[in-house]
Amino acid sequence: SVGRPMPGLGGAFATITDGLVERSVEAKLMLLAALAGEHLFLLGLPGTGKSLVARRLSKVCAGSFFERLLTRFSVPEEIFGPLSLQALEQDELRRKTRGYLPEADVAFIDEIFKANSSILNTLLMILN
């Protein structure tokens with residue numbers, strides 16, 4: 001019936017929030033974003049469980065997880081994968097994306113405001 005949560009969704013919520021204090025709103029938002037196929041931006045002080053909630057979401061979804069801490073020295077290869085040298089030999093610009101953001105089901109990018117403009121502009125294109 002309408003208004004009753006699905007048993008799977010309640011279990012996912014319980015898994016994400018297990019042992020956490022005052023993180024129910026973040027967990028609900030993450031589940032909603034995952035169900036809607038949308039992005040979620042969390043802003044908060046260090047040590048408040050943002051990355052833990054994201055890691056737990058990837059386990060609930062049984063998906064791949066990508067996590068990176070950005071600095072002003074971060075380069076796009078750290079997020080999007082290195083360029084394929086074999087493809088470059090054939091005049092193709094292609095990245096090896098396995099294990100990087102483009103192929104992740106759940107991603108957590110920490111300290112995003114410390115990144116340089118080339119990374120921020122590329123991330124903005126992905127978000128849009």
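**Confidence, a buried lysine and a nonpolar core**

In this predicted model, mean confidence in the chain is lowest in α1, at 86, and highest in strand β1 (residues 65–69), at 95.

Colleague: Which residues have a pLDDT under 50?

Modeller: Let's start with the whole chain, where the average pLDDT is 88 and 95% of the residues score at least 70. One stretch stays under 50, and there the model has 0 contacts beyond four places in sequence. That stretch is residues 1–6.

Colleague: How far is lysine 50 from the nearest side chain of opposite charge?

Modeller: Lysine 50 sits in helix α3, which covers residues 50–61, and it is buried. A salt bridge needs the charged atoms within 4 Å, and lysine 50 has none. The nearest side chain of opposite charge belongs to aspartate 110, and its distance is 5.6 Å.

Colleague: Which residue offers a backbone oxygen 3.2 Å from a polar atom of the lysine 50 side chain?

Modeller: Good one to look up in the structure! The side chain of lysine 50 also has a polar contact of 3.3 Å with the side chain of threonine 48. Among the residues lysine 50 touches are Met30, Leu42 and Phe108. The backbone oxygen at 3.2 Å, though, comes from glycine 44.

Colleague: How many residues does the largest nonpolar core have?

Modeller: Its members include Ile16, Met30, Val53 and Phe108. At least two residues of this core come from each of α1 (7–17), α2 (24–36), α3 and β2 (106–110). Apart from it lies another core of 8 residues, with Ile79 and Phe80 among them. For the largest core, the count is 10 residues.

Terms used
Residues numbered from 1 in each chain as written. Predicted model: local features only at pLDDT ≥ 70, side-chain atom pairs only at ≥ 80, totals over all residues. Heavy atoms only, no water. Helix = DSSP H or I, 4+ residues; strand = E, 2+ residues; numbered from the N terminus. Buried < 20%, exposed > 50% of the residue type's maximum accessible area, 1.4 Å probe, protein only. Lys, Arg positive; Asp, Glu negative; His and termini not counted. Polar contact = N/O pair within 3.5 Å; in protein donor to acceptor, adjacent residues only side chain to side chain. Contact = heavy atoms within 4.5 Å. Core = buried A, V, L, I, M, F, W, Y, C linked by side-chain atoms within 4.5 Å. pLDDT = per-residue confidence, 0-100.
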